[in-house]
Amino acid sequence: MAALQTDSGSRPAAGARFFCTAGRGLEPFLMREVRARLAATQVEYISGKVFFTTCSDLNMLKKLKSAERLFLLIKKQFPLNVSSVSKGKIFNEMQRLVNDDPESWMSAISIWKNLLELDAKKDKLSQRDANPLKRKVEENDITNPKKLKTEQMQELQESRQCQLEKQMEEETVEQDFLTNREKSQEAFQNDVVKAVDTPDQKDLTFRVSCRCSGAIAKTFTGQEVGRVIGIALMKQYGWKADLRNPNLEIFIHLNDIYSVVGIPVFRVPLASRAYIKTAGLRSTIAWAMASLAEIKAGAFVLDPMCGLGTILLEAAKEWPDVYYVGADVSDSQLLGACDNLKAAGLQDKIELLKVSVIELPLPSESVDTIISDIPFGKKFKLGKDIKNILQEMERVLHVGGTIVLLLSEDHHKRLQDCEQSGIPLNSKGSHTDEPGIEKCLNPGEKTDLSDTVSSSSEAISQGGLDKMPPFGSLVLMECYQVSLGRTDAFIYKYRKSHSLGL
């Protein structure tokens, strides 16, 4: 990889090269997002990671919603050969990741420092330019104070004090949600800038985190690789190892496809939202679902099985000028959702109702968009009820409206059974045929979409599963297979094509 060049300012001359980790199946969402939000170029992906170039500052990079973690790229190269060489030779190859191209390392550190400095300058300017909390008294507010009685003056002062307290309370709501992790990030940035500002950078402390998979994981542990890389860094640059509170973390991922080295841009993962008090569905999955729903200003968006409200939180943060309603039958889930709304300052944006998903108190064709995570697992055995759930959602959705659902593998199979039984679900809108996704992939790049995306036309074993009734008005637009960690799930997007009465 060529060394990254910087200009005299605080950002790369032609943009810096970054990569994000992403949950399996979310790579297409992240590729679209970095293009739209960061005006990124040279966007490409390998399983679990998206690489891109951008001139965006930290403030914009923080806004990525479908990424797990963000890294400044130092190196990406072919994998290490562990099949026919000795351990000593492999160790030498690992050390060459550090020793062969010191310019890349120094340039990456310089870019990282410049990003931090620019972010710190913007914070200082925003604090300096912020309006003072105390409202200035205008001249016409006190035309002639001598004519005012003592009681009137006291009344006026008390009124102004109440207004001031209310204003202070409103303006500090967001500050109250500044977590200790965010404060740690600020201190971390300051430490890095100070350390890198020294002529020889001898005061820079670091640690190495390493992930190995594939053939190399059968030969070496992550700790062994981290130790080799750490020693090479100390010898090459004179940095000091600090496993507890380093200025800098070096991330390395070695597998059978590539060797990647990068610097985590933020200590806190992007997927860990500061505005979510109690986590439910993974925030990246929730945002991806909302991004598919084509939410427009003034729309009525419903989550009829909202749980802790994660999907609505992600949607309301991104698309605020919308009427959101969350429904659930569980008191504990609704209480958790209410706490999350308050913590995020969105209690005025999202209304919560205790109702059953199969008996929604809404007129037919009154909802613009439905987004929901259909519960599954041992605790939730919906069985045949899923057909009633989808029928009720279909009833309240207006013609042209969109439904985005997260379904388990069992739910997915049931829908596949419907399609194979002649149910008119349109499969031409499946992910592999979507023009928007094809445009995200580099020409000639080898892709493995079959591992991350499920086509709606693939054959699924019947297994004696119950048949579902036809959904004549719901047209399948897209289907994505995504990872929830230990299990997989499917994001389905439907559009209502006509009224049920037709």
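**View 1. Twelve aromatic pairs turn up in this predicted model.** Rings of Phe, Tyr and Trp (its six-membered ring) pair if their centres lie within 6.5 Å; planes under 30 degrees apart count as stacked, over 60 as edge-to-face and the rest as tilted. Take Phe91 and Phe220: their pair is tilted, at 5.2 Å centre to centre with 55° between the planes. Phe91 lies in helix α3 (residues 87–99) and Phe220 in the loop between β5 (205–212) and α8 (222–237), so the pair ties together parts that are 129 residues apart in sequence. Helices (H or I, at least four residues) and strands (E, at least two) are DSSP runs, numbered from the N terminus. Is each ring buried or exposed? Phe91 is partly exposed at 24% relative accessible area, while Phe220 is buried at 2%. Here, buried means under 20% relative accessible area, exposed over 50%, and partly exposed in between (1.4 Å probe, protein chains only).

**View 2. Some Phe rings cluster, and some have a charge sitting over them.** Phe19, Phe51, Phe71 and Phe251 are linked into a cluster by ring pairs. Phe51 also has the charged end of Lys76 over its ring, 4.2 Å from the centre. Over at Phe29, it is Arg32 whose charged end sits over the ring, 5.2 Å from the centre. A charge sits over a ring if NZ of Lys or CZ of Arg is within 6 Å of the ring centre and within 35 degrees of the ring normal.

**View 3. Helices α8 and α11 are each followed by a glycine with a positive phi.** The 16 residues of α8 should span 22 Å at 1.5 Å a residue, and its end C-alpha atoms are indeed 22 Å apart. The expected span is 1.5 Å times one less than the number of residues. Buried residues of α8 include Val225, Val228, Ile229 and Tyr237. Just after α8 comes Gly238, with a phi of about 75°. Helix α11 (residues 331–344) has 14 residues and reaches 20 Å from first to last C-alpha, close to the 20 Å expected. Among its buried residues are Leu334, Ala337, Leu341 and Ala344. An α-helix has 3.6 residues a turn, so residues three or four places apart point the same way. After α11, Gly345 has a positive phi near 70°.

**View 4. Eight strands line up in an open sheet with mixed pairing.** The order is β2-β3-β1-β4-β8-β7-β5-β6. Two strands pair if DSSP finds at least two bridges between them. Which strands stand at the edges? Those are β2 (41–46) and β6 (240–241), each with a single partner strand, so one side of each is left without a neighbour in the sheet. Strand β1 (residues 16–21) runs antiparallel to β4 (residues 69–77), and four bridges join them. Thr21 stands opposite Arg69 in β4.

**View 5. The whole structure has zero disulfides.** A disulfide is a pair of cysteine sulfur atoms within 2.5 Å. Cys212 is in none: the nearest cysteine sulfur, that of Cys210, is 3.8 Å away. Cys212 counts as buried at 18% relative accessibility, and Cys20 is buried too, at 0%.

**Notes on the views.** Residues are numbered from 1 along each chain as its sequence is written, and side-chain values use heavy atoms, with hydrogens and water left out. Since the model is predicted, local features need pLDDT of at least 70 and side-chain atom pairs count only at pLDDT 80 or more, whereas totals for chains, interfaces and linings use all residues.
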